[in-house]
Amino acid sequence: MLLRYVTRRLLLMVPVALGVTLLVFLSIHMVPGSPAYTFLGPHATKNSVAAFNGEWGLDRPLPVQYWLFLDRLVHGNLGESLFYQSSVTSLISSRIPVTLSLLIGGAVLSVIIAVPLAAWAAVKSGKLTDQLIRFFSTAGLGMPSFWIGTTLIILFGLTFPLFPVGGYGNGFWGHVDSMFLPCLTIAISIAPMLLRSLRTSLIDALGSDYVAFARAKGTSARTVLMRYGFRNAAISAVSVLGINIGFLVGGTVIIETVFALPGLGQLMIASILDRDFPIVQGITLIFSVVVILVYLLTDVAYALLDPRVRL
Amino acid sequence: MKFSRSTIVVATVAVLTLATTNVVGAANRTPVARAKMIAHTAIQRGGTLTFNRVQDIVSLDPTQVTDNESIWADESIFEPLFAATPNGKSLVPDMATSYSVSANKLRWTFNLRQGVKFSNGQEMTSADAKFSIERVGAKASNPWTFINSDIASITTPSKFQVVVTTKTPWAPLQADMALFANGVIPNNFAGESATTFWNHPIGTGPFVVQQWLKGSELKLVRNTHYWQAGKPYLNGVNFVTVPDDNTRLLQLESGAAQIDEFPAWSQISELQSKSGITTKLFPSSWTQFLGFNEQYAFFKDVHVRRAISFAIDRAAIVKSVLYGHGTVANSQVTPALWDYNPKNPGLQYNLAQAKKEIALSKYAKGFKVKLLVGSGNQNELTMGQIVQSELAPLGITVTLQEVNGAQENTLQSTSQFQMSFLYDTTDIIDPDELMTFAAVGGSGAQGTHAEFTNYNNPQVDSLVTKAEGVFSQAARIKIYDQIQLILAQDPPMAYLFYQPFAYSFTTKLHGFSVFPTGNYHLENVWLSK
């Protein structure tokens, strides 16, 4: 049952991803601004612009250009960057690990922060601990991520130099070291929403009849919290986490800029400004696939947590 | 209800452990560098310079790049026949040691430096120079074709002699040969395919490419075959892309980087008094101005252009945009260039005079005009608002037309604007590039119609052409003085200010200087311990 559901969702990804690329292709070509003038600089002449457009096929009708993009795509080729004059696939592939580790690390840290605090707040519902946790989570919601990032750099990069001030580092541990503050920035942005959702659901779950029944049977507080509380509360929290990660995919550029991370977000913005169409299309495709996969994983997790979804 | 807190505690401890202890590898980092000023007399060798820059480079091929980041990085890898002096006033030998010009001024013989080796150990010869110079204009779409457009042919009579024949007597040729795009690479890419070659290019410059992580970092290491004995002093240079102003500065302060390219103007004064950091404003060829498109009837009227030029308080713009770190302009040429005419008063802020001029025009009651500005470009938005308020007393209603950067670029390059903020820098120290770009109308070698303004003054065109054929610098200066005086009275654009190149760097860095053309010679740079 679950396998059929996942297969159907995976097949649905194809038209959605293609639809996204078509929309992006049309919108970026409709916005005025030519890559030829950006590439050739202020000394561009009509002849050199025509030669550039001819060389890169930019003078061909839009449907032809899109068809060529699709044709290359089915052969696993995303084309050549107009500016770097090298394969889009190689440019993107070197940046995927940076953005993915930022997303995954941020999500993991946000869970590590939110889950215990939500449990603590739910158990101490209405008391000072709960009020303090809710206060800080509200404050976290109000802080923009570029400010959080810069503050963390000043605090843990300069005042207490524990982590690098930006960059991706060298080697595995260098990457881990460099990615901690960016991931923490993401976590601080996401955790409050996750925490609040989890806290509310936990309070509901812990006040339900089945929990009262479990307690009456003599089940330990820990078992009640873990088996009955978290499992039920996690259903809504998983949705919140999934939606936020989906939004973050497009928003990584801010974190990547503040921490000078060579990720997809930075490349995307630079390519939009330069009108480097092949890169924009390539990254859009990757982003749309990642977002669809995140939502799919969210739905699968939801289905695993709540058997009623599979009925 | 009582229950165990261990679940909460385990997770909380994990977070705190990660946050308060260094994950791995931070043991060697030192606290914030608060370097003491140490007098260094002896040059120290070694070390790798981390140079934080605003944007990434786009190509290592000097014939294909127009962005400054690529140009300035390429100049550490390739060297042309001549180089500018640090003050940008004259040229010194680089890959050529001397030259002579025939009596008819058409035939230039360049004698190459002997014993120079490329980074692969191969000897540099005239065949390499010919191949490299010819590549610049090999394709119509090459951006620097116009620089070499007066070259008729190139021959190599001997192993170390290159003869360039021009179509007309062409005085700027020596400066053209100092253009980065004419940097020497091995003939036929040293037998490699062009693609393979440009992944790991070979040049005669002080550094050679170790690794290029496109979009983030270019790592250079010293060229062990470099022809200047004992140079470069550094083991390597890492050009790192850090777009955010704050992050570039924080990395400099933490010691993670040694140079911060273009610190924010708002931070300059504070940085100038910060210990451990040197902040310098290097004189540049950068002139910022307000261009008038003469395709529109009101800008065909010289009195309108003069009125606007008189109405703008340039000092206020310098204060608002550059926080006072620039100079009011009186010409399209900056004082850093040898053709600058200090006696040219230009049209300066004088509201009474502005009102007189607009009264003399056909538009005494004013008119409505659009000013193109880049959305998100805070400097242009600020300048736009100042211009908007300052033209109001003349009855000129200015509407800001906000577009994104790429669109602004295209609209400017295709003259699809009424007024627009434009700027000039030069890539060679000879005035010819700037003059033909920003003053000559019609379709000269660059065909930009006076930098897209469609200004057309046959007297200016004729003087620029005349200067190209005059070989005495003193005689050329007189011609360019005359051009600047004409442009001041019949302005194609309102010259606003001269903008320096701002850099912050650690006090441990020595020998770093930026030329008026914006480039730097990193073979002279060294780091003290």
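User: In this predicted model, a residue is buried if 20 or more other C-beta atoms lie within 10 Å of its own. Which side chains of strand 5 of chain B point to one face and are buried?

Analyst: Strand 5 of chain B covers residues 107-112, and its side chains alternate. Arg107(B), Thr109(B) and Asn111(B) point to one face and are not buried. The other face holds the buried side chains: Trp108(B), Phe110(B) and Leu112(B).

User: Which residue in strand 5 of chain B is the bridge partner of Val101(B)?

Analyst: Strand 4 of chain B spans residues 96-101 and runs antiparallel to strand 5 of chain B. There are 5 bridges between these strands. The partner of Val101(B) is Trp108(B).

User: Which residue in the turn between strand 4 and strand 5 of chain B has a positive phi?

Analyst: The two strands form a hairpin, with 5 residues between them. The phi in question is about 65°. The residue is Lys105(B).

User: Which residue in strand 7 of chain B stands opposite Asn111(B)?

Analyst: Strand 7 of chain B covers residues 161-166. It is antiparallel to strand 5 of chain B, with 5 bridges joining the two. Asn111(B) belongs to the face of strand 5 that is not buried. Opposite Asn111(B) stands Gln161(B).

User: How many residues of domain 1 of chain B that touch domain 2 of chain B are nonpolar?

Analyst: Domain 1 of chain B is 56-200 and domain 2 is 283-500. Their C-alpha centres lie 32 Å apart. In the contact, 16 residues of domain 1 meet 15 residues of domain 2. On the domain 1 side, 3 are polar, 3 are charged, and the nonpolar count is 10.

Technical notes
Residues numbered from 1 in each chain as written. Chains lettered and ligands numbered in written order. Predicted model: local features only at pLDDT ≥ 70, side-chain atom pairs only at ≥ 80, totals over all residues. Domains from an automatic or database assignment. Contact = placed C-beta atoms within 7 Å. Nonpolar A, V, L, I, M, F, W, Y, C, P; charged D, E, K, R; others polar. Buried ≥ 20, exposed ≤ 12 C-beta atoms within 10 Å, placed from the backbone. Helix = DSSP H or I, 4+ residues; strand = E, 2+ residues; numbered from the N terminus. Pairing = 2+ DSSP bridges.
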